[in-house]
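Open the model in your viewer and keep the sequence panel beside it. The stops below say what to select and what is there.

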Amino acid sequence: MTRSLLGVFEEDAAAISRYVNQLYKAMHRIYDAQNELSAATHLTSKLLKEYEQQRFPLGGDDEVMNSTLQQFAKVIDELSSCHAVLSTQLADAMMFPITQFKERDLKEILTLKEVFQISSNDHDAAIIRYSRLSKKRENEKVKYEITEDVYTSRKKQHQTMMHYFCALNTLQYKKKIAMLEPLLGYMQAQISFFKMGSENLTEQLEDFLTNIGTSVQDVRREMDREVETMQQTIEDLEVASDPLYLPDPDTTKFPSQRNLTRKAGYLNARNKTGLVSSSWDRQFYFTQGGNLMSQARGDVAGGLVMDIDNCSVMAVDCEDRRYCFQITSFDGKKSSILQAESKKDYEEWICTINNISKQIYLSENPEEIAARVNQSALEAVTPSPSFQQRHESMRPVVQSRPPTNRTSSTGSLGSDSASLSAFSLDSLVAPDTPIQFDIISPVSEDQPGQLKTLGQSGRRTNPFGESGGVKSETEDSILHQLFIVRFLGSMEVKSDENPDVVYETMRQILAARAIHNIFRMTESHLLVTCDCLKLIDPQTQVTRLRFPLPNVALYATHQENKRLFGFVLQTSSGRPDSKPTSVCYIFESNNEGEKICDSVGLAKQIAFHAELDRRTSEKQKEIERVKEKQQKELSKQKQIEKDLEEQSRLIAASSRCSQSAGDGQFVVLSSSQSEDSDLGEDGKKKRESEA
């Protein structure tokens, strides 16, 4: 970071130098050639106008400076046609300040840069010689000379560096003075020459120049105060940093910190150049989360060296090097041998990598937990009965392999992590809940409520829906997304509403794996569709597990480690009187945890909208059936009303016949005929049928 910041300051100094050289040439033209005075003044005005387009890394947003220079450019442009040469006044008031800034201040920056580079190279050479001190053939005289050389070169580098930085900071003030003072002197010379009767030089301009002169004096006083403060700071730093110039400080005065979860510094890395030969390269190393990074000088960012989650670190005995240690990855396929500069750094690097390998950095207070873990590791060497009882009571129960009694620092981490979470998260996951670390059965055996159909168990599944003779059950799904995952474990949980249950399950499963040294993980393909989630064997394409999408109640990825994700599945035991249970499944992916969660959310959203459409369609069909039934009822009601009306007419006719029975048969027949004539053909037929 320091060298990157120094590069910005050096780039700014180079930009200032280029710009001042152009301004110096423009003013020199005014001084040299009387006939070209107007052209040189115009060029000066043009350069001042271009100050806004200059990209100074440290001074590009100075609006006051921009407006001031723009005002100067405007006035100089107005006076460019009527200026005359005042060579003596211009030499004293205009050329002297900018020449002094160019020849003295800018050259001082270049000289200090060369001295700093030489001292930095001398320090690197001294460090290399010190790193090559023989471990077997120790020579006190040679060791004293090399140590003294490191002390001298480091002190020299520090002193030259501070003076160089002070000069770079001062340059920001001198830049303003070196550009404003010549312009001020130039304008004052013009005012003295055109004092009387000048149309362009007014009292307002004189006030402006007076304000600029006052501002220059203020900047100079501020610069003097800043330089004095920086000089005092340099003296204080020289006194305080004197013990740190030694390459290997005394560990009794500067003890090692064993509770770190982050570390950065220079290390020597051994690289094999042949069967028995090797070379050492010095680079800057730092930890970032669960990764060890390295960065060469001049690089913008660091590169990954090794994943140090669940790794092992140990001190090694090299032939001619001290303070060496070896880091081995969790699968044993990659290892690196590094050398620290001092015993203090050597111990701190080993402790830091050991803390990171236990994934303590994922917790909220990593240093506090690291202190507890290290203390528990010390107690585990000579365990007390109370500690052993507490350790055994908090150990999670494992199904896939029997628990083993361990009294190492790894086992103490599991007990410490369990004690930290037991007081607040017992309502989500019980501490003694069994954990399953592997996939042991297909879906038909895990879910007794489902019926086995022909070809369902152990059936080869094409994740892209292209089946041969048998139609795939996910062929009609509009979503097919495949991810590579590794199964970490599953356990029964009490709640499926709070995302903390997924985080707590992740923590308990990772802690149990660390306690029992379980590093093997089953790799599978996770297929996400609108119907279900499937775990497919990548070699045989056999479905290992099937999770119905409606039963996925909760899903989340880890808040810090985006490779970890999990979901809670609601299952039933198959008995009608039993309550449904919730099981949380935890997986690790290749940095695609959020993508998998987004895919599951999209699948549930598509399934939800499909269910809404299905319900809407069924409701519409039900409404149509109700309407059709109502229409039939209405038609039937109309028919009944019509029949009742016919019956009422028949009753009325029969009553008229009974009243006129004494009038004879003729009257009855006449009434019947007249009634038949009123009813018509249909009425006659119905009446005959009713009779």
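Begin with Arg-614, which is partly exposed at 39% relative accessibility. This is a predicted model, and the values in this tour are computed from it. Add Glu-611 to the selection: the two side chains form a salt bridge whose closest N and O atoms are 2.2 Å apart. Both residues lie in helix α13 (residues 593-659), three residues apart, so about one helical turn separates them. Glu-611 is partly exposed too, with a relative accessible area of 26%.

Stay on this helix and select residues 609-647. An unreviewed UniProt entry annotates this stretch as "coiled-coil region". In the model the stretch is 100% helix and 0% strand, and its end C-alpha atoms lie 57 Å apart.

**The whole chain**

Zoom out to the full chain of 691 residues, of which buried residues make up 40%. Colouring by secondary structure should bring up 14 helices and 15 strands. Of the contacts with a separation of 6 or more, 67% are between residues 24 or more positions apart. Switch on the surface: the accessible area is about 39,300 Å², and carbon and sulfur atoms account for 51% of that area.

**A buried threonine**

Next, select Thr-44 in helix α2 (residues 37-49). Is Thr-44 buried or exposed? Its relative accessible area is 3%, so Thr-44 counts as buried. To see what surrounds it, show Leu-23, Ala-26, Met-27 and Ile-30, the residues in contact with Thr-44 once neighbours within four places in sequence are left aside.

**A salt bridge in helix α4**

Move on to Lys-107 and Glu-103. The closest N and O atoms of this salt bridge are 2.9 Å apart. The two residues are four apart in helix α4 (residues 87-131), so they are separated by about one helical turn. Lys-107 is partly exposed, with a relative accessible area of 45%, and Glu-103 is also partly exposed, at 34%.

**The seven-stranded sheet**

Now display strands β1 to β7 as a cartoon. What is the order of the strands in this open sheet? Reading across, the seven strands run β4-β3-β2-β1-β7-β6-β5, with antiparallel pairing. At the edges are β4 (303-307) and β5 (312-315), each of which pairs on one side only. From one strand to the next the twist averages 40 degrees.

For a view of one strand pair, select β1 (residues 264-272) and β2 (residues 278-288), which run antiparallel and are joined by nine bridges. Ala-264 is the residue to label here, standing opposite Phe-286 in β2. Then add helix α7 (residues 343-357), which packs on the sheet and touches β1, β2, β3 (291-295), β5 and β6 (324-328). Viewed against β6, the direction of α7 makes an angle of about 15 degrees.

**Strand β10 and its partners**

Select β10 (residues 522-528), where six of the seven residues are buried. Strand β9 (residues 481-493) runs antiparallel to β10 and is joined to it by seven bridges. Within this pairing, Gln-481 has Val-528 of β10 as its bridge partner. Now add β11 (residues 532-536), which pairs with β10 in the antiparallel sense over four bridges. Leu-526 stands opposite Leu-535 in β11. Follow the backbone from β10 to β11 and you pass through a hairpin of three residues.

**A network of charges**

Finish with the charged side chains; the structure holds 24 salt bridges. Select Arg-563 and Glu-588, whose salt bridge has an N to O distance of 3.9 Å. Where does each partner sit? Arg-563 is in the loop between β13 (552-557) and β14 (564-571), whereas Glu-588 is in strand β15 (residues 581-589). The pair is 25 residues apart and links distant parts of the chain. At 12% relative accessibility, Glu-588 is buried, because the cut-off for that class is under 20%.

Extend the selection to Asp-307, Asp-309, Arg-486 and Glu-523. Together with Arg-563 and Glu-588, these residues are linked in a network of salt bridges. Side chains of opposite charge can pair when their charged atoms come close.

Conventions. Residues are numbered from 1 along each chain as its sequence is written. This is a predicted model: local features need pLDDT of at least 70, side-chain atom pairs count only at pLDDT 80 or more; totals for chains, interfaces and linings use all residues. Side-chain values use heavy atoms; hydrogens and water are left out. A salt bridge is a side-chain nitrogen of Lys or Arg within 4 Å of a carboxyl oxygen of Asp or Glu. Buried means under 20% relative accessible area, exposed over 50%, partly exposed in between (1.4 Å probe, protein chains only). Two strands pair if DSSP finds at least two bridges between them. Axes are lines fitted to C-alpha atoms, for helices over the stretch in contact, and angles run from 0 to 180 degrees between N-to-C directions. Contact means heavy atoms within 4.5 Å. UniProt positions are given in the numbering used here, feature names are shortened, and annotations may be inferred rather than shown by experiment. Accessible areas come from the Shrake-Rupley method with a 1.4 Å probe; for residues, only the protein chains shown count as cover.
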